[in-house]
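Reader: Please take one part of this model and go through it closely, starting from a single side chain and working outward to what surrounds it in the fold.

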Amino acid sequence: MPQSLLQIVATCDDAGGKSAQTVCEDYFNEYTAGNNGISCLVDMDNREIYIATAGMAQYYLNDDTVDYILDEAYEAVSEELVRALIQS
C-alpha cells in the first residue's frame, strides 16, 4: 500500500441520527488531511460495521474485499456474543 494511505478506525455509541456510512465518512474527513485512505467504523447505535475507502485505497480494498472483511467481522462478533450468553 502507498505510504500516504491514511487509516481511521473508530467506534460510535451515538450516531446522532446519521447512517453508519455518513458517520464513517465524517470521521475520515474530520481526522485526515488527505483523500487516500480507509475508514472503519463500529457503529453501536446502528449496530453496524462500516468500511469506507477513498482514492487509491479503492484499488486495494475493492467492494468484494470489503464484503469479505465485513462477513468475517460479523461472524466473529456473533460467535463472541454466543459465547458470552452461554457463560452468563
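Author: Tyr60 counts as partly exposed, because its relative accessibility of 38% falls between the 20% and 50% limits of that class. The model is predicted, and this value is computed from it. Tyr60 belongs to helix α2, which covers residues 57-60. Together with Met56 and Tyr59, Tyr60 makes a nonpolar surface patch of about 360 Å².

Another residue to look at is Arg47, in the loop that links β2 and β3. Its relative accessible area is 76%, so Arg47 is classed as exposed. The backbone of Arg47 has a phi near 55 degrees, a positive value in a residue that is not glycine.

The strands on either side of that loop belong to an open sheet of 3 strands, ordered β1-β2-β3, with mixed pairing. β1 (6-12) and β3 (48-54) are the edge strands; each has a single partner strand, so one side of each has no neighbour in the sheet. On average, neighbouring strands here are turned by 10 degrees against each other, with direction ignored.

Within the sheet, β1 pairs with β2 (residues 37-43) in the parallel sense, over 7 bridges. In this pairing, Gln7 is placed opposite Ile38 of β2. Helix α1, residues 20-31, packs on the sheet and touches β1, β2 and β3. The direction of α1 makes about 130 degrees with that of β2.

How values were computed: Residues numbered from 1 in each chain as written. Predicted model: local features only at pLDDT ≥ 70, side-chain atom pairs only at ≥ 80, totals over all residues. Heavy atoms only, no water. Pairing = 2+ DSSP bridges. Helix = DSSP H or I, 4+ residues; strand = E, 2+ residues; numbered from the N terminus. Axes fitted to C-alpha atoms, helices over the stretch in contact; angles between N-to-C directions. Contact = heavy atoms within 4.5 Å. Patch = residues over 30% accessible without salt bridge, like charges linked within 9 Å, V, L, I, M, F, W, Y side chains within 5 Å. Areas by Shrake-Rupley, 256 points an atom, 1.4 Å probe, with all protein chains shown as cover. Salt bridge = Lys/Arg side-chain N within 4 Å of Asp/Glu carboxyl O. Buried < 20%, exposed > 50% of the residue type's maximum accessible area, 1.4 Å probe, protein only.
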